[in-house]
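Subject: Handing over the structure

Hi,

Here is the structure I promised to pass on to you. Please have it open while you read, and my notes follow below.

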Amino acid sequence: MIISVDLITSNIWTVILIITPILYFIYYRKFRIFIYDQPKKVTKGKISRGKCPPSYPNGWFWLIDSCNLTPGGVRFINHCGRDVVVFRGHNGKPYVLEAYCAHMGGNLGVGGRVRDINCIECPFHGWVYDGETGTCVFSDGENRIPRRVDTFEYADLERCTPCSSSNSKSMEYLQKVAENQEIKLKTYECRELNGSIFAWYHADEILRHKPLYELIDIQDEITRNTMEVRGESINYVNCHVQEIPENGSDVRHFDFLHESILDSISFVKFKWTPSAERATNPNLRQIMAHSNPSAHAYKMHLFDKFLTEDNVRYINVICLDCSIRFFNKYEIFLFNTTGFQIGPSIVYLFLWSPYFKLTLFHTLTPLEKFHQRVVHRIITSTWMPYWLSAAMLMGEVKQLYADMKIWNKKIFTEKLNYNTKNYADKCLHSYRNWYAQFYEGCYEREAKSLSW
Ligand code: FES
Ligand SMILES: [Fe+2]
C-alpha cells in the first residue's frame, strides 16, 4: 500500500491544528490566574502559645476579593472573632454589618437578600436593614421609615426565675427593658481597592467610624508599569497574628531559613540582604538608598508616592536585595524589594529587577485566636509568560511554607532578649514597638460559643 507524503503531511497538520488550541486552552485556564489553595487547612492551635498581646489588633482587615461579590451578592464572613454580613448593593457599593438580625437572630449572611438598592432583608421574617446606617427600616425604595419596637429580655437567663414584679397567677419571665426604640445593627467602615474589600475595626467606639489611616491604592502603579494580577496563594497558619508580619523585619532569618531554592539542589542558594525601618525615621531615604541607579529611582518614586504625612506613623518599611549564589562563590543579582507594611495586617512588596517588575500584595485575616488566613497576590508585567508567574508564586509559597513550619509550633515569647547593638535585634525591637500601637484599647475577645 502506498501512502502519499502529501497525505501524511496534511494529517499531521490537522492533528496540530486540533491539539494546539486545546493545549493552549488548558494552559490559559490553569495559569492565566493561578490559584494555590492550601490543601490541608490547619485546625485551631493546640499547643501553648505563651502570654500574648490581644489576638485582634486595630486596623483594616481583608474580607473578600471584589470579584467574588457581584451586585446583589451576600456573604457571611467570620473575621477577628466577629461574624459579619458583607453585601454589594445594586448601586455597586459594598456594605458590612453585624451578621445577626435584631429580631430573633436570623443570619443575614445566609439566605439574606439585597433589597431597595442598599438594604438587606433577613431570611427569617423579612426585617430590612439599611446598609449605610444599619437601621432596621420599613423600606420602599428611597422611602425608609425606621422600625420602632419594644425590647424584652429574660429577667434571669441562667436560672429562669420569674420577674420579681410578677404575681403567682401570671408568671412573667421576660421584662421590658426599652420601649418604642429604633433598632440598629453595628456597621463597619469598608473600602474597596486593589481588587479586594476591607473592613475597619477599632476597639474604641469613637474610632470605629474614623479610620486612623487609609490603605494604599496601587492601581495607578499597576497601570503605569503595564502589569496585571496573575494569581494568589491562600494559606492557613496557627500562630499569633503578629508573628506573620513581623517576619519581614526579622532580618536575620532570611539567610538562615530562606536560602534554599530547591531542596534537591544544594550548590545554588539564595543570598538575602535585608533591612527594616519605621517610615517615620527622618533618615529613611539615606538608609534605604540603593547602589543600582534604576532600583534606587524606583524606590524613591515609591517613597514619594506612598509615604504621606497622614500614614507614615502606621507604616514600617522593609528593603531586601536577593541574589542567587552558585557554589557559595559566584553571585548574580536577582531583584530588590521595597516593602510597605501598613497597619497590622497588610503588606505591599514592590520588586525591581533588571529582568522584570513584580508586585506582591499580602493580606492577613485572623479567623479566630491563633488561626490566621494568609493570602498573597502576585501582579507581574503583562509580557511575562503565565507559567513563569505561576512558578514564581509557587517559589514564594515554598518560602512561606518554611516560615509556616516554625509559626505553627512556636510560642510568642512576651519576654524578649535582644542585643540592640546587633542590627537584626535592633530591627525586631523597633518592629515590636511599632506594632504595639495597633493594640491600643484592645481586649481579648473570645469567639462566642454556640455549642450545645
Ligand atoms: S429573625 Fe430576622 S426578621 Fe425575624
Ligand atoms: Fe520568612
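What you have here is a predicted model, and a good place to begin is G343, which sits in the loop between β20 (330-342) and β21 (346-352). Is G343 buried or exposed? It counts as buried, because 26 C-beta neighbours lie inside 10 Å and 20 are enough for that label. Leaving out residues up to four places away in sequence, G343 touches G59, W60, Y213, Y314 and F438. If you want a sense of scale, pick M288: it is 55 residues from G343 along the chain, and the two C-alpha atoms are separated by 21 Å.

Next, the nonpolar cores. The largest one has 74 residues, and V85 and A199 are the members that touch the most others in it. Which strand gives this core its largest share? That is β21, with 7 residues. Two domains are represented by at least three residues each: domain 1 (58-140 + 183-212) and domain 3 (217-439). Apart from this core lies another, made of 9 residues, including V237, C239, F370 and L400. As background, nonpolar side chains tend to be buried together in soluble globular proteins. You can also look around A199 itself: beyond its neighbours within four places in sequence, A199 is in contact with F61, L63, V84, V96, Y188, E189 and C190.

Helix α6 is worth a look too. This helix covers residues 293-306, 14 residues in total, and spans 20 Å from its first C-alpha to its last, close to the 20 Å expected at 1.5 Å a residue. Which of its residues are buried? They are A295, K299, L302 and F306. These four lie on the same side of α6, because they cover an arc of only 60° around the axis. The general background is that an α-helix has 3.6 residues a turn, so residues three or four places apart point the same way. On the face turned away from the buried side you will find the exposed residues P293, S294, A297 and D304. As for what the buried residues of α6 pack against, the partners are β20 and β21, the two strands on either side of the G343 loop.

Now to a run of three strands. Strand β8 (residues 128-130) pairs with strand β9 (residues 136-140) in the antiparallel sense, over 2 bridges, and V128 has V137 in β9 as its bridge partner. The hairpin of β8 and β9 has 5 residues between the strands, and G134 there takes a positive phi near 80°. β9 then pairs with strand β10 (residues 143-146), again in the antiparallel sense, over 4 bridges. In this pair F138 stands opposite I145. The hairpin of β9 and β10 has 2 residues between the strands, with G141 in the turn at a positive phi of about 65°.

Finally, two residues that are not glycine also have a positive phi. C80, with phi near 50°, lies in the loop between β3 (74-79) and β4 (82-88). F327, with phi of about 50°, is found in the loop between β19 (315-326) and β20. Their surroundings are worth checking as well: C80 counts as buried, because it has 22 C-beta neighbours inside 10 Å, while F327 is exposed, with 9 other C-beta atoms within 10 Å.

Enjoy exploring!

Best wishes

Note on methods
Residues are numbered from 1 along each chain as its sequence is written. Chains are lettered from A and ligands numbered from 1 in the order in which they are written. This is a predicted model: local features need pLDDT of at least 70, side-chain atom pairs count only at pLDDT 80 or more; totals for chains, interfaces and linings use all residues. A residue is buried if 20 or more other C-beta atoms lie within 10 Å of its own, exposed if 12 or fewer, and partly exposed in between; C-beta atoms are placed from the backbone. Two residues are in contact if their C-beta atoms, placed from the backbone, lie within 7 Å. A nonpolar core is a set of buried Ala, Val, Leu, Ile, Met, Phe, Trp, Tyr and Cys residues joined through C-beta atoms within 7 Å. Domain bounds come from an automatic or database domain assignment. Two strands pair if DSSP finds at least two bridges between them. The expected span of a helix is 1.5 Å times one less than its number of residues. The arc is that of the directions from the helix axis to the C-beta atoms.
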